[in-house]
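Q: I have a structure open here and would like to talk through how its helices pack and where its pocket lies. Can we go through it step by step?

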Amino acid sequence: MDPIHFFSSFIRGHLQEICFGITAVTLMLSGRPVNSVVKKFTHNLNWFLRYCVYIVLCTVGYGFLSKVLYKGLWHWFANLNNTSLVLWVTSIYLVLAYLAKAQKEI
């Protein structure tokens with residue numbers, strides 16, 4: 001069995017976990033910039049309204065984004081051929097690792 005077929009079979013067998021991992025890391029890395037933008041726009045509000053905006057952002061915003069990103073990745077990866085699947089998953093994880101390193105998360 002060639003390596004591309006072996007790795008693509010492994011990825012397809014764990015597609016849910018891979019999509020979940022990519023979604024979680026993406027939201028973790030984008031959380032700080034998104035929160036700082038929201039903080040900038042709400043700095044004139046009183047503290048209670050700021051907390052309410054933050055709660056809505058976390059429950060509705062991040063919840064919606066996680067669902068959309070997960071479903072989108074899953075459908076996209078499921079329709080890729082073996083070579084493309086291995087290359088895209090590897091590339092996405094490498095980019096996320098680079099971004100985490102650049103943000104000093106790792």
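A: Gladly, and please keep in mind that this is a predicted model. To begin with one helix pair, α2 and α3 pack at an angle of about 150°, and their axes lie 9 Å apart.

Q: And which hand does the crossing of α2 and α3 have, left or right?
A: The crossing of α2 and α3 is right-handed. As for what the contact of α2 with α3 is made of, its residues divide into 19 nonpolar, seven polar and one charged.

Q: OK, switching over, at what angle do α1 and α4 pack?
A: Helix α1, which covers residues 3–13, packs against helix α4, residues 82–102, at an angle of about 70°, with 9 Å between their axes. The two helices, α1 and α4, are therefore roughly perpendicular to each other, and α1 passes α4 in a left-handed crossing.

Q: Which residues of α1 and α4 meet there?
A: From α1 there are Ile4, His5, Phe7, Ser8, Ile11 and Arg12, and these meet Asn82, Thr83, Leu85, Val86 and Val89 in α4. By class, the residues of this contact between α1 and α4 divide into six nonpolar, four polar and one charged.

Q: Now the largest pocket: how much space lies in it?
A: About 160 Å³ of space lies in the largest pocket. The elements that give two or more residues to its lining are α2 (15–42) and α3 (47–78), and the largest share, six residues, comes from α3.

Q: Which residues line the largest pocket, and of what class are they?
A: The largest pocket is lined by Asn35, Val38, Lys39, Thr42, Trp47, Arg50, Tyr51, Val53, Tyr54 and Leu57. That lining has six nonpolar, two polar and two charged residues.

Technical notes: Residues numbered from 1 in each chain as written. Predicted model: local features only at pLDDT ≥ 70, side-chain atom pairs only at ≥ 80, totals over all residues. Heavy atoms only, no water. 1 Å grid on protein atoms, 1.4 Å probe; cavity = no way out; pocket = protein on both sides within 12 Å on 5 of 7 lines; lining within 4 Å. Points joined across faces, edges and corners; volume = space filled by probe spheres on them. Helix = DSSP H or I, 4+ residues; strand = E, 2+ residues; numbered from the N terminus. Nonpolar A, V, L, I, M, F, W, Y, C, P; charged D, E, K, R; others polar. Axes fitted to C-alpha atoms, helices over the stretch in contact; angles between N-to-C directions. Parallel < 35°, antiparallel > 145°, perpendicular 65-115°, else oblique. Left-handed = near helix turned anticlockwise from the far one by under 90°. Contact = heavy atoms within 4.5 Å.
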